[in-house]
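Here is a friendly walk through one protein, with an eye on how its side chains pair up. Keep the 3D view open while you read.

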Amino acid sequence: MDMPFDLSNVRTVGAGTILPPGDYEIVIKNAEPKQTKDGETYINLWYSVVGPTHTGAIVFEALHLWSGNTTRTEISLQHLKSIREACGLNPNIGGTTDELINKRLRIRVGVREYNGDQYQSFKRYAPCVAAAAAAASAASVPPQDGAAPAGMPW
């Protein structure tokens, strides 16, 4: 069968990018359960970079929340809590993967080597500047019709 598709602007599957160390604003595009070769389930997060550089690059992060290795699980739980907090979600519950989709945040990444290959390392998560500015701006807008802000006694 003829497949007349122009694939020049299509990424290959699994073609994640190794970003240079730094801070990036990203959108979580997907959060899917996968299994390791040993049969352990993990969550594979797909981040799409929206700036300030490498716009459109896809970066993957694996959260090994059910690992038999307690250190790996603890680190993954810390990452999940930080991600949820940066997304404005309740950081004290695991929630669902669906809650993470299309959330925007800032990440700080590094690069580490293991067995001769380079891997992305995730060092920090924070609310994105645009979301934080919008929240601060909304908080500073005076109430309409002379009404006092909620919780104000006057």
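## Rings that meet edge to face

Let's start with Phe-60, which is partly exposed at a relative accessible area of 26%. What you are looking at is a predicted model, by the way. Now find Trp-46, another partly exposed residue, with a relative accessible area of 27%. How many aromatic pairs does the count come to? It comes to 2, and Trp-46 with Phe-60 is one of them: the two rings sit edge-to-face, 4.9 Å centre to centre, with 80° between the planes. This pair links distant parts of the chain, as Trp-46 belongs to strand 2 (residues 41-51) and Phe-60 to strand 3 (residues 58-63), 14 residues apart.

The other pair to look up is Tyr-47 with Phe-122, again edge-to-face, with 5.7 Å between the centres and 80° between the planes. Tyr-47 is part of strand 2 while Phe-122 is part of strand 5 (residues 117-127), so this pairing ties together parts that are 75 residues apart in sequence. Are these two rings buried or exposed? Tyr-47 has just 1% relative accessibility and counts as buried. Phe-122 has 12%, and it counts as buried because the cut-off is under 20%.

## A charged trio

Next up, charges. Side chains of opposite charge can pair when their charged atoms come close. In this protein, the count comes to 4 salt bridges. One of them joins Glu-25 to Arg-104, with the closest N and O atoms 2.5 Å apart. Why does this pair tie together parts that are 79 residues apart in sequence? Because Glu-25 lies in strand 1 (residues 22-35), whereas Arg-104 lies in strand 4 (residues 104-114).

Glu-25 also has a salt bridge with Arg-106, where the closest N and O atoms are 4.0 Å apart. Arg-106 is in strand 4 and Glu-25 in strand 1, so here the parts tied together are 81 residues apart in sequence. Glu-25 counts as buried, at 11% relative accessibility, but Arg-104 counts as partly exposed, at 41%. Put the shared partners together and you get one network of Glu-25, Arg-104 and Arg-106.

## A bridge from helix to loop

Where else can you spot a salt bridge? Try Arg-84 and Glu-99, whose side chains meet at 3.0 Å, N to O. Arg-84 is in helix 1 (residues 70-86) and Glu-99 is in the loop between helix 1 and strand 4, so to speak two distant parts of the chain, 15 residues apart. Arg-84 is down at 1% relative accessibility and counts as buried. Glu-99, at 30%, counts as partly exposed.

## Zooming out

Now for the whole protein. Its secondary structure comes to 2 helices and 5 strands, and along the sequence they follow the pattern β-β-β-α-β-β-α. There are 154 residues, and 28% of them count as buried.

What share of the contacts with a separation of 6 or more comes from residues 24 or more positions apart? That share is 43%. As for the surface, the protein exposes about 10300 Å², and carbon and sulfur atoms supply 54% of that.

Conventions:
Residues numbered from 1 in each chain as written. Predicted model: local features only at pLDDT ≥ 70, side-chain atom pairs only at ≥ 80, totals over all residues. Heavy atoms only, no water. Helix = DSSP H or I, 4+ residues; strand = E, 2+ residues; numbered from the N terminus. Buried < 20%, exposed > 50% of the residue type's maximum accessible area, 1.4 Å probe, protein only. Contact = heavy atoms within 4.5 Å. Areas by Shrake-Rupley, 256 points an atom, 1.4 Å probe, with all protein chains shown as cover. Phe/Tyr/Trp six-rings, centres within 6.5 Å; stacked < 30°, edge-to-face > 60°.
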